[in-house]
Amino acid sequence: MLGLNVNLKGLSPPRPPAVGGVARTVISRPRDFAFDFVARDFFENYQRWCPQVVELEPNGSAPVRVGTTARQVTMERGIRSESTFEIVNLERPRLLAIEGISEPFSSSYEFECEAQGTTLIFTFELREIEFSMRPFVKLIRAALQDGAEQIVENLRALIETGATSAQPAGASRSN
């Protein structure tokens, strides 16, 4: 019935849809190599493919695993932002997923085998947008899409050169 404002008990008001970006690329390297660069060596390499991260502090020195948390500081367009996140899924050699603890975001890196190497699919999502920012959702979505595309391009370039966390980007690592 139109015009009735019915409040169904137990149902929360609808949440605005998440805003994000998804990008993919083919990397001319085996899936295990690409996965290890991103997931196994995450804390050594993250700032290399995501230069907006100016500080990164994992909580503990254990290897990357589900439940590992970290603090990051990003600097984007002169705005400093601090957040903490947690590794929520790690399936070697297929998936690394991260969820924001202090901020409502999630990101994932998926790796698929291809004849020419590995397809990397990067997804970033803001699960909530502040009310005052909702008029700018289209701009935010475009910026997140551009960022996702830049991340996969940075990763492709780093992984294809064979750079490891201990080597400069121009050095190569044998398979």
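What follows is a short back-and-forth about why certain labels apply in this predicted model.

Me: To set the scene, what makes up the chain, and in which order do the elements run?
Reply: There are 3 helices and 7 strands. Starting at the N terminus, the order is β-α-α-β-β-β-β-β-β-α. Of the 175 residues, 36% count as buried.

Me: Why is S107 called buried?
Reply: Its relative accessibility is 9%, and buried means under 20%, so S107 gets the label. S107 sits in strand β6. Its contacts, leaving out residues up to four places away in sequence, are L96, A97, I98, F122, T123 and F124.

Me: Which residue stands opposite S107, and in which strand is S107?
Reply: I98 faces S107 of β6. Strands β5 and β6 are joined by 5 bridges and run antiparallel, with 4 residues between them in a hairpin.

Me: How do you know that β4 and β5 are paired?
Reply: Pairing takes at least two bridges, and β4 and β5 have 6, so they qualify. These two strands are antiparallel as well, and a hairpin through 3 residues connects them. E86 stands opposite E99 in β5.

Me: What makes β5 mostly covered?
Reply: In β5, residues 95-100, 5 of the 6 residues are buried.

Me: And E99, why is that one called partly exposed?
Reply: E99 comes out at 30% relative accessibility. Partly exposed runs between the 20% and 50% limits, so that's where E99 lands.

Me: What makes E99 and R127 a salt bridge?
Reply: The N to O distance is 2.8 Å, and the cut-off is within 4 Å, so the pair passes. The two are 28 residues apart and link distant parts of the chain: E99 is in strand β5, while R127 is in the loop between β7 and α3. R127 is partly exposed, with a relative accessible area of 21%.

Me: Why does the pair E55 and R80 count as a salt bridge?
Reply: The closest N and O atoms are 3.6 Å apart; the limit is 4 Å, so this pair counts too. Here E55 in strand β2 is linked to R80 in strand β4, 25 residues apart. With relative accessible areas of 29% for E55 and 47% for R80, both fall between 20% and 50%, so both are partly exposed.

Me: How do you know that D36 is buried, and where does R40 stand?
Reply: D36 has 9% relative accessibility, under the 20% cut-off, so D36 is buried. R40, at 46%, is partly exposed. Their salt bridge has its closest N and O atoms 3.3 Å apart. Both lie in helix α1, 4 residues apart, about one turn of the helix.

Me: How many salt bridges does the structure hold?
Reply: It holds 12.

Me: How do you know that the buried residues of α2 line one face of the helix?
Reply: The buried ones are F42, F43, N45, Y46 and W49. Looking down the axis of α2, they fall within an arc of 165°, so they line one face.

Me: Why is L139 called exposed?
Reply: Exposed means over 50%, and L139 has 60% relative accessibility, so the label fits. L139 belongs to helix α3, and together with M133 and F136 makes a nonpolar surface patch of about 300 Å².

Key. Residues are numbered from 1 along each chain as its sequence is written. This is a predicted model: local features need pLDDT of at least 70, side-chain atom pairs count only at pLDDT 80 or more; totals for chains, interfaces and linings use all residues. Side-chain values use heavy atoms; hydrogens and water are left out. Buried means under 20% relative accessible area, exposed over 50%, partly exposed in between (1.4 Å probe, protein chains only). The arc is that of the directions from the helix axis to the C-beta atoms. Patches are made of residues with over 30% relative accessible area and no salt bridge: like charges are joined within 9 Å, nonpolar side chains (Val, Leu, Ile, Met, Phe, Trp, Tyr) within 5 Å. Accessible areas come from the Shrake-Rupley method with a 1.4 Å probe; for residues, only the protein chains shown count as cover. A salt bridge is a side-chain nitrogen of Lys or Arg within 4 Å of a carboxyl oxygen of Asp or Glu. Contact means heavy atoms within 4.5 Å.
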